[in-house]
Amino acid sequence: QVQLVESGGGLVQAGGSLRLSCAASGRTFANYAMGWFRQAPGKEREFVAALSYSGANTGYTDSVKGRFTISRGNARNTVTLQMNSLKPEDTAVYYCAAKPDGRPWYIPLLWDDYTYWGQGTQVTVSS
């Protein structure tokens, strides 16, 4: 059983940066597609970013393009989400997700496409 643990959330002023990390226990993400989702209070959960297992393909929701970057960490069992130029509307609980899938270009976009999910980390951006 894979367990995902997010870290790096916190409180930051608008325009600042945060780096979220997701670590898996028990195995590497070598053949996993990875994703980040978020849910703000009173809103539906939404897709943020995804990375194919090969790293050759990434996808982002329009509101974070040019500001957020998803990548594999130095350790094979981590994935990071670098968030720059943060805005108050980025405030949410951020969740990491993983799906075992060997297709090099495949990036799952839906929550239910994934197999494993973390418990979430809070990101709060003050104005």
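The legends below describe close-up views of a predicted model.

**View 1. The open four-stranded sheet with the order β1-β3-β8-β7**. Pairing within this sheet is antiparallel. Its edge strands are β1, residues 3–7, and β7, residues 68–72, and each of them pairs on one side only. Neighbouring strands of the sheet are turned by 15° against each other on average, with direction ignored.

**View 2. The pairing of β7 with β8**. Strand β8 covers residues 78–83 and runs antiparallel to β7, with five bridges between the two. One residue pair can be picked out here: arginine 72 has valine 79 of β8 as its bridge partner.

**View 3. The disulfide between cysteine 22 and cysteine 96**. One disulfide is found in a search of the whole structure. The two sulfur atoms of cysteine 22 and cysteine 96 are 2.0 Å apart. The torsion about their S-S bond is about -80°, so the disulfide is left-handed. Cysteine 22 belongs to strand β3 (residues 18–25) and cysteine 96 to strand β9 (residues 92–100), so the bond ties together parts that are 74 residues apart in sequence. Cysteine 22 and cysteine 96 are both buried.

**View 4. Salt bridges around arginine 38**. Five salt bridges are found in the whole structure. A network of salt bridges links Arg38, Glu46, Arg67 and Asp90. Within this network, the side chain of arginine 38 meets that of glutamate 46 at an N to O distance of 2.6 Å. Arginine 38 has a relative accessibility of 5% and counts as buried, whereas glutamate 46 is partly exposed, with a relative accessible area of 31%. The side chain of arginine 38 also meets that of aspartate 90 in a salt bridge, with an N to O distance of 3.0 Å. Arginine 38 lies in strand β4 (residues 32–39) and aspartate 90 in the loop between β8 and β9, so this salt bridge ties together parts that are 52 residues apart in sequence. In this pair, both arginine 38 and aspartate 90 are buried.

**View 5. The salt bridge between arginine 103 and aspartate 101**. The side chains of these two residues meet at 2.7 Å, N to O. Arginine 103 counts as partly exposed, at 47% relative accessibility. Aspartate 101 has a relative accessible area of 10% and is buried.

**View 6. Lysine 99, a buried residue without a salt bridge**. This lysine is part of strand β9. The nearest side chain of opposite charge is that of aspartate 101, 4.4 Å away. A salt bridge requires the side-chain nitrogen to lie within 4 Å of a carboxyl oxygen, so the distance from lysine 99 to aspartate 101 does not qualify. Leaving aside residues up to four places away in sequence, lysine 99 touches Asn31, Tyr32, Ala33, Tyr106, Pro108, Asp113, Tyr114 and Thr115.

**View 7. Strand β9 and its pairing with β4, β10 and β11**. Strand β9 is mostly covered, with seven of its nine residues buried. Eight bridges join β4 to β9 in the antiparallel sense, and tyrosine 32 stands opposite proline 100 of β9. Strand β11, residues 121–126, is also antiparallel to β9 and pairs with it over three bridges. In that pairing, valine 93 stands opposite glutamine 122 of β11. Strand β10, residues 116–117, runs antiparallel to β9 and is joined to it by two bridges. Here alanine 98 stands opposite tyrosine 116 of β10.

**View 8. Serine 85 and its positive phi**. Serine 85 is located in the loop between β8 and β9. Most residues other than glycine have a negative phi. The phi of serine 85, by contrast, is near 50°. At 42% relative accessibility, this serine counts as partly exposed.

Conventions. Residues numbered from 1 in each chain as written. Predicted model: local features only at pLDDT ≥ 70, side-chain atom pairs only at ≥ 80, totals over all residues. Heavy atoms only, no water. Pairing = 2+ DSSP bridges. Axes fitted to C-alpha atoms, helices over the stretch in contact; angles between N-to-C directions. Disulfide = S-S within 2.5 Å. Buried < 20%, exposed > 50% of the residue type's maximum accessible area, 1.4 Å probe, protein only. Lys, Arg positive; Asp, Glu negative; His and termini not counted. Contact = heavy atoms within 4.5 Å.
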